[in-house]
Amino acid sequence: MDRLVEKIPSKTNKYFFFGDIQKDYIHEQQLSGHSWYLRGLLAYYELYGNSDALKFAQSTVENLYLPTKGKFCGYPTDFIKKGGDVSGNSTEIVNGWLLSTDTGCAFMSIDGLSHYYAVTRDERVLKLLYEMRETFEKIDKIAIKAQTHCCLTAARGFIRIYNITSDKMFLNSAKKLWDLYATHGMTYTYQNFNWWGKGDTWAEPCAIVDSLILAGELFKITNDETYRVMAARIWHNGFSAMQVGNGGAGPTTTVSDTEPILKTAMYEAPFCCTMRLAEGLLYAKRNKEILYAVTDDVKKDNVGRYMLGDIIYAEVTCSEETEKYIDRSEEITVDNIRLIPIVKYYNLPKTLTESINQKIIFRGVGNGCK
């Protein structure tokens, strides 16, 4: 970490952030990516008191983020963008914003800026966060096919601000986003659709990490058991196919009414998902007392999943070679179907991870949660 921070001045511009210094428009993806940069610098500063890390964060906020104050009201809240790959790409300039295919990713910055406010108590940043929240609330996330990850990350930032200010506006925004996600953005394996309303794309570990932390934090604030149960189910099911054998993480298919097969979509996304996985694992370690699973009789739920309490059971189809890596000690037979919990992908070699199918059985009409 010391060497990473030492290299920053040689890899960044004169203000210690990455990319060009924009004068003519606001670069949405530049704002988004630097949210993680702020989080890393600030975590490093909090751990080790490194003054350079704080200086780089301060310069980034001063020269990249604070110039956007008063301009978020012009963010095109109803503009629908097409396309998009796993890392997102810039599209066109609208209202002075260079937009991203990861629709709404500018609001990821709420996470990094809220962390910055937590460390510095810079009131200018808090005013910017109020402005960002106000615009975020105006966005119809489903209509513009917003990226679920950026919205969940923003909601995590709202929780952080609420914990500092006790302003319930931020808590209410986080709860509202969670309700929308749980109803329309979550797959049948407690993972996510990468974008709202774009059909079966892929489930992104970054967003699954966000959803775990958001649900867990909402439970700790409200003591509403619904949030705790969702956090536990995300941990025990959603994480199962995320972490792979090299310790990294990658996207999977989205299990829904139209896609019953859970399998790997990309073995690893080291530029994104692997790093976010670390925060998810740390959160699970620190909050293990709330992530317990309730297990009782296997029942078919309202969307046709076979579940042993909080644990999804799947029919796993695989080759003879793969079978030796599958733990069938918890196997049960229901309706003449052999079922086991979702396979932990980190137990499998890479070649088998990319070939295994886990068929999630449906025996009824789904609730269409997309």
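Here is a short chat about the pockets of a predicted model and a tryptophan, Trp36.

Student: Which helix gives the most to the lining of the largest pocket?
Tutor: Start with the elements that each supply at least two lining residues: α1 (2-11), α2, α6 (148-165), α8 (205-222) and α10 (273-286). One of them gives the most, with 13 residues. That helix is α2.

Student: And where is Trp36 found?
Tutor: Trp36 is among the residues nearest the centre of the largest pocket, along with Arg39, Gly40, Arg276 and Glu279. As for its place in the fold, Trp36 belongs to helix α2 (residues 28-48).

Student: Is Trp36 buried, partly exposed or exposed?
Tutor: Its relative accessibility comes out at 27%. Buried needs under 20% and exposed needs over 50%, so Trp36 is partly exposed.

Student: How far apart in space are Trp36 and Met108?
Tutor: Leaving out residues up to four places away in sequence, Trp36 touches Met108, Asp111, His149, Thr153 and Arg276. Trp36 and Met108 sit 72 residues apart in sequence. From C-alpha to C-alpha, the gap between them is 8.8 Å.

Student: How many charged residues are in the lining of the largest pocket?
Tutor: This pocket has a volume of about 2000 Å³, and 47 residues line it. By class, 23 of them are nonpolar and 11 polar. The charged ones number 13.

Student: What space lies in the second largest pocket?
Tutor: Its lining has 20 residues, with Gln22, Tyr25, Ile26, Leu64 and Pro67 nearest the centre. They divide into 9 nonpolar, 7 polar and 4 charged. The space in this second largest pocket is about 290 Å³.

Terms used: Residues numbered from 1 in each chain as written. Predicted model: local features only at pLDDT ≥ 70, side-chain atom pairs only at ≥ 80, totals over all residues. Heavy atoms only, no water. Helix = DSSP H or I, 4+ residues; strand = E, 2+ residues; numbered from the N terminus. Buried < 20%, exposed > 50% of the residue type's maximum accessible area, 1.4 Å probe, protein only. Contact = heavy atoms within 4.5 Å. 1 Å grid on protein atoms, 1.4 Å probe; cavity = no way out; pocket = protein on both sides within 12 Å on 5 of 7 lines; lining within 4 Å. Points joined across faces, edges and corners; volume = space filled by probe spheres on them. Nonpolar A, V, L, I, M, F, W, Y, C, P; charged D, E, K, R; others polar.
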